[in-house]
Structures are given as C-alpha cells and as structure tokens.
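Work through the exercises below with the coordinates open. Each task is followed by a stepwise solution.

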Protein chains: 2
Amino acid sequence: MENIGTPLEVGMLLYPGFTMLDLVGPLTVFAQHAKIYLLWKTLDPVFSDTGIAMVPTATLDRCPAKLDILFVPGGFGTADAMNDAQLMEFLKRQAPGARYVTSVCSGSLILGAAGLLNGYKATSHWVARDLLASFGATPTKGRVVMDRNRATGGGVTAGIDFGLTLLAELRGVEEAQMIQLAMEYDPAPPFDAGSPEKAAPAIVERVKTMIDLATPAAQVAGG
Amino acid sequence: MENIGTPLEVGMLLYPGFTMLDLVGPLTVFAQHAKIYLLWKTLDPVFSDTGIAMVPTATLDRCPAKLDILFVPGGFGTADAMNDAQLMEFLKRQAPGARYVTSVCSGSLILGAAGLLNGYKATSHWVARDLLASFGATPTKGRVVMDRNRATGGGVTAGIDFGLTLLAELRGVEEAQMIQLAMEYDPAPPFDAGSPEKAAPAIVERVKTMIDLATPAAQVAGG
C-alpha cells in the first residue's frame, strides 16, 4: 500500500440523466482520501435523472491522464451516453492510464459500449445485468464484482458497498471501516424487497416496466 | 391514504457544508412521488462538506407554505447553520404548515436549534445524538425515530432507511418496496463497523476525533 497521505485521484463522470445516488455514495466514501474530479464537457451544471443538478469541477480535456479511479455512474441517461462519441472517446483515452476502471448501476453498460469490459466479469443494475453480454463481458451477480482492475457495482445503493470495497483495496481495511463508521453505514432497510429474489413477483414486474433499459440498449446494439 | 397521483411537496434545505449523501439518499427515495424543492437563500450553487456543489431550485422565500415534508440534512456546516438567523426564521415559519418536520444526521441539531424538537424523541448521527438533550429533545437511538410528525434519521446512510420509512407512511408499503427494489437496496457492507457498538474501540475513538461536533454545539449553547 502506498503512502496514505497522498490523495487518490478520482475522476467521476457526469452526464445528463445520471443517477445522483450512484455517484454520491462512492464520492462520500472516497472524499476524505481523494481529490475528486467531477467531469463533463463543460462546467455548466449537469442535470441528473431526478432533475437535480450537480456542478462539474473539470472538463473532460482537463482530466489528469493517470487516475487512480475512473468512475461511471448509471442512470436513465445511459443510452444517450452510450451513443455520445465524445464520451466514448474520452473513456477509451482515459482507461489505459487508470488504476481502476469502475462503474455503479447501468454505468457498466457505458463502460461496455466503450469496449472496456470485453473479457471481464462485470455487474450492473439487476434489470440491466444480462445486457453486458453484448459487450463481451460476463454478467455476474453481486453487489461488487472485481476482475483484475475492473470494479463494477450493482444498482444505485450498491455504490456504497462498491466504494468501501475499493477504498479497502487502496487504503486498507481500517481506513475503510473508519469511513463506514463515520457514514454510520449499519443499514436497516424497513422492508426486505431490495432484490428481485426477495421482492414480491408483482413488484418485480412493476419495477421492470418502470425501468425499461432494453429498448435503448437495443438501439445501441443496432447502431 | 390520499390519491397517490398527487405528488408530495418536499422541501429540502441546502446550506454551505451540508453532507450531500444525507440529502441524496431520501431525495432518491422520494423523487418519483414528489415535487422536490432544494432550498437556499439564493439560486447559486451551494457547496457541500466534500466541496461538491448542488444547485438550489427555489429560494427560501419561494418555498410553498404547506409542505408534506420539510427536510434538513446534517454536515460539517451544522454549527454555522444553527447560528444563521435567516435559516432559523425560515424553519420556524415553515414547520407549523408542514405535515412532517424531518432531518437526517446532525440536521436534527438544526431543527433543535430552531426549537422544533422540544418535547420530542429524536435521533442524530451517533456522535451528535446526546447533544439533542440541550434542545429539550429526548435523544433516542435508531436508524429512524418517529414521534408524532417529527421524523429524524441517524447518520448519513440512515437517510435511505429514513426515506423508505416515511414514503411507506405517505404512499404505502408497496410503493416503498418498489422504490427499494428500483434502488437495489439490499445492502451488503463489506465490513461490520457501521455503528460504535460494532466497530473496534480504536476506530470509534479516531472517528470521534475526526467528527468533533461538540465544540460548535457548545458555541451555540453559549450564544
């Protein structure tokens, strides 16, 4: 493990329609140990898929060449991001210099579309996971899936588990446990409906309809 | 339960030094069911305690008089917020018209400073919980503590449990479970150090030093 006094360089991609919690979970985990770049084409606020905006801190062309962590969140804007040539070019350029190439939720589809998961095990939101196969990845169930330097997290809230796992890799278990305690991450969901195996079938079907990622992914596959 | 077609009116306070995850957890839970107002004095970006900015959507004087949920996040900026006369005046004006008066993390100290928890059971981040007594509240351990129309959550990540609990109250258990599944909230922390009872004593001491809320609270108590 390197000197923990040196901040990690973490580049987190924003794009219109990203899911804010996908990003804010790991951001909060990394913050005390990292210099964080929120990246977009311009420095104008970027609207998430709840309509709430975050403010980028650096443009894509000002991103350091060597990041410790390159991170892509998911969101309802995933399909448009996959079809964005400038974004794809950015990811292809950054990934070779990054120590870890990472995502949460449907962000793995964006990494896949950039050709960065070919031959890797990876996960995604449960609704989207199987679509990873079309990018040469091996869809793998899990809150956090690590394969060499690819680290992908499951849907939305999995970003907290993802962040703590990656922080422990980079800074050690004790530092990760300190952050866990500071974030009081001792979860107690009031219901046990957080995975398709646990939720009632009718609820699973309604959520599938609500989050229909099949269509945009098909557009990309055909494009 | 009222017509679930009518969006909830949710007013979420921003202030310099708020903890973004305190707010983004419940925001994500409520989003599909709510019209969300991110409130601050101006519409300029507000910097959280990780240095990342969010963009308000309404000024304090444009907040609807009758909110379903009035929400205050915690953060390292808590003490300054407690000493902000305009903020205190806003909370005192809004609370009587709100269906639920709520907070996550040290946000409950801000509610307390505005006199809104006097005679209520309430919780906070574990580091700050006992300080609630100085505002006439009964410090109560719990991820989510409900007492009449006051709903307070524990530290940072407790905001997700808080959000789902409150959504179930307002929109029913099935709708809350749908949101839980959509957010894939089936937590699997890689370590079991999320509460002071579970973490190693040395880690608890280091976190207490890192998050020293005693000093600012004492300032307020003496001010």
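**Exercise 1: a salt bridge between chains**

Glu174(B) has a relative accessible area of 48%, so Glu174(B) is partly exposed. The model is a predicted one.

Task: find which residue forms a salt bridge with Glu174(B), and state where the two partners lie.

Solution.
- Step 1. The partner is Arg206(A), with the closest N and O atoms 3.6 Å apart.
- Step 2. The pair crosses between chains: Arg206(A) sits in helix α7 of chain A, and Glu174(B) in helix α6 (residues 173-182) of chain B.
- Step 3. Arg206(A) has 35% relative accessibility and therefore counts as partly exposed.

**Exercise 2: a second acid for the arginine**

Task: decide whether Glu175(B), which meets Arg206(A) in a salt bridge, is buried or exposed.

Solution.
- Step 1. The N to O distance between the side chains of Glu175(B) and Arg206(A) is 2.9 Å.
- Step 2. This pair also runs between chains, from helix α6 of chain B to helix α7 of chain A.
- Step 3. The cut-off for buried is under 20% relative accessible area. Glu175(B) is at 12%, so Glu175(B) counts as buried.

**Exercise 3: a bridge inside one helix**

Task: work out how Lys208(B) and Glu205(B) are placed in their helix.

Solution.
- Step 1. Their side chains meet in a salt bridge, 3.6 Å from N to O.
- Step 2. Both residues belong to helix α7 (residues 201-210) of chain B. They are three residues apart, about one turn of the helix.
- Step 3. Lys208(B) is partly exposed at 41% relative accessibility. Glu205(B) is partly exposed too, at 45%.
- Step 4. Elsewhere, salt bridges with shared partners join Glu174(A), Glu175(A) and Arg206(B) into one network.

**Exercise 4: the whole interface**

Task: describe how chain A and chain B meet, from symmetry to area.

Solution.
- Step 1. A turn of 180° with a shift of 0.0 Å along the axis lays chain A on chain B, with an RMSD of 0.0 Å. That is the relation of a two-fold axis. The C-alpha of chain A nearest the axis is that of Met54(A), at 2.4 Å.
- Step 2. The interface residues of chain A are 100% shared with chain B, so the copies meet through the same surface.
- Step 3. The two chains bury about 5,400 Å² between them, and 68% of it is on carbon and sulfur atoms. Leu181(A), Glu184(A) and Phe191(A) supply 15% of the area that chain A buries against chain B, more than any other three residues.
- Step 4. Six salt bridges cross this interface, as do 28 residue pairs in polar contact. The largest share of the side of chain A that touches chain B comes from α6(A), with nine residues.

Technical notes: Residues numbered from 1 in each chain as written. Chains lettered and ligands numbered in written order. Predicted model: local features only at pLDDT ≥ 70, side-chain atom pairs only at ≥ 80, totals over all residues. Heavy atoms only, no water. Least-squares fit on C-alpha atoms with pLDDT ≥ 70 in both. Contact = heavy atoms within 4.5 Å. Buried area = accessible area lost by both parts, 1.4 Å probe. Salt bridge = Lys/Arg side-chain N within 4 Å of Asp/Glu carboxyl O. Polar contact = N/O pair within 3.5 Å; in protein donor to acceptor, adjacent residues only side chain to side chain. Helix = DSSP H or I, 4+ residues; strand = E, 2+ residues; numbered from the N terminus. Buried < 20%, exposed > 50% of the residue type's maximum accessible area, 1.4 Å probe, protein only.
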